[in-house]
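Thanks, everyone. Please have the model up on your screens, and I'll walk you through it.

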Amino acid sequence: MNLKIKKIYPDAQMPTYGRVGDAGMDLYSYEEKELMPGERYTFKIGVAVEIPAGYVMLIWDRSGLPIKHGLTTLAGVIDSNFRGEIGVCLLNTSHEKYKVEKGNRIAQFLVQKIEPLEIQEVKELSETERGENWQSSSGY
């Protein structure tokens, strides 16, 4: 599948795969900002994308940022009808400030096929082994 990407700024970095076989492509910050503990900020990426109809772009954490620095992404759904600049909202969950430099890889994205749903209201749902048990559902 081809993904059309437009640079908003001439010096913006195009998304890249880190390695062959990676599922997600890295997104690079177009801005520099120091995030204080508990602060969230939406970083400009400097690119816009044309997601094909029937697909969605999902923005996810890069593993190292939350593990090493407590930075996590928020609000990462880009619909196929959106043509504006991509932004990545980062939340600093740590107790230390963290400086994001222009050009840092701050998130990754996946493009996934979606199926439109039709809602059907029912009075009952089918039974399963788990049922309505949400607590300790995985044995923890």
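Start with strands S4 and S8. S4 covers residues 40-50, and S8 covers residues 85-92. They pair in the antiparallel sense, over 6 bridges. To find one of those spots, look for Arg40. Its bridge partner in S8 is Leu91.

Keep in mind that this is a predicted model.

S8 also has a link to strand S6, residues 71-74. Those two strands run antiparallel, joined by 4 bridges. Find Leu71 here. Its bridge partner in S8 is Asn92.

Now step just past S6. Ala75 sits in the loop between S6 and S7. What stands out about its phi? The angle is near 55 degrees, a positive value in a residue other than glycine. Is Ala75 buried or exposed? It is exposed, with a relative accessible area of 74%. The cut-off for exposed is over 50%, so Ala75 qualifies.

Next loop along. Asp79 lies between S7 and S8. Its relative accessibility is 42%, so it counts as partly exposed. What does Asp79 touch, once we leave out residues up to four places away in sequence? The answer is Ile51 and Val56. Take Ile51. Along the chain, it is 28 residues from Asp79. In space, their C-alpha atoms are separated by 7.2 Å.

On to another sheet topic. As a reminder, strands in a sheet pair through backbone hydrogen bonds, either parallel or antiparallel. There is an open sheet of 4 strands, in the order S2-S10-S5-S7. The pairing is antiparallel. Which strands stand at the edges? They are S2, residues 25-28, and S7, residues 77-78. Each has a single partner strand, so one side of each is left without a neighbour in the sheet.

Inside that order, look at S5 and S10. S5 spans residues 55-60 and S10 spans residues 105-113. They pair in the antiparallel sense, over 6 bridges. Trp60 is a good marker. Its bridge partner in S10 is Gln108.

Hold on to Gln108, which also lines the largest pocket. That pocket has a volume of about 230 Å³. Who else is in the lining? Early in the list come Gly18, Arg19, Asp22, Ala23, Gly24 and Asp26. Then there are Arg62, Ser63 and Gly64, and also Arg105. How do the lining residues divide? The split is 1 nonpolar, 5 polar and 5 charged.

Now zoom out. The protein has 1 helix and 10 strands. From the N terminus on, the elements run β-β-β-β-β-α-β-β-β-β-β. The radius of gyration is 18 Å, while the globule rule gives 14 Å for 140 residues. The value is well over the rule, so the protein is more spread out than a compact globule. Along its principal axes, the C-alpha trace spans about 55 × 40 × 30 Å.

Two more numbers. How much of the protein is buried? Of its 140 residues, 28% count as buried. And the contacts? Take those between residues at least 6 apart in sequence. Of these, 70% join residues at least 24 apart.

To recap, S8 pairs with S4 and is also joined to S6. The open sheet runs S2-S10-S5-S7. Gln108 is the bridge partner of Trp60, and Gln108 is also in the pocket lining.

Terms used:
Residues numbered from 1 in each chain as written. Predicted model: local features only at pLDDT ≥ 70, side-chain atom pairs only at ≥ 80, totals over all residues. Heavy atoms only, no water. 1 Å grid on protein atoms, 1.4 Å probe; cavity = no way out; pocket = protein on both sides within 12 Å on 5 of 7 lines; lining within 4 Å. Points joined across faces, edges and corners; volume = space filled by probe spheres on them. Nonpolar A, V, L, I, M, F, W, Y, C, P; charged D, E, K, R; others polar. Pairing = 2+ DSSP bridges. Rg over C-alpha atoms; globule rule 2.2 N^0.38 Å. Buried < 20%, exposed > 50% of the residue type's maximum accessible area, 1.4 Å probe, protein only. Contact = heavy atoms within 4.5 Å.
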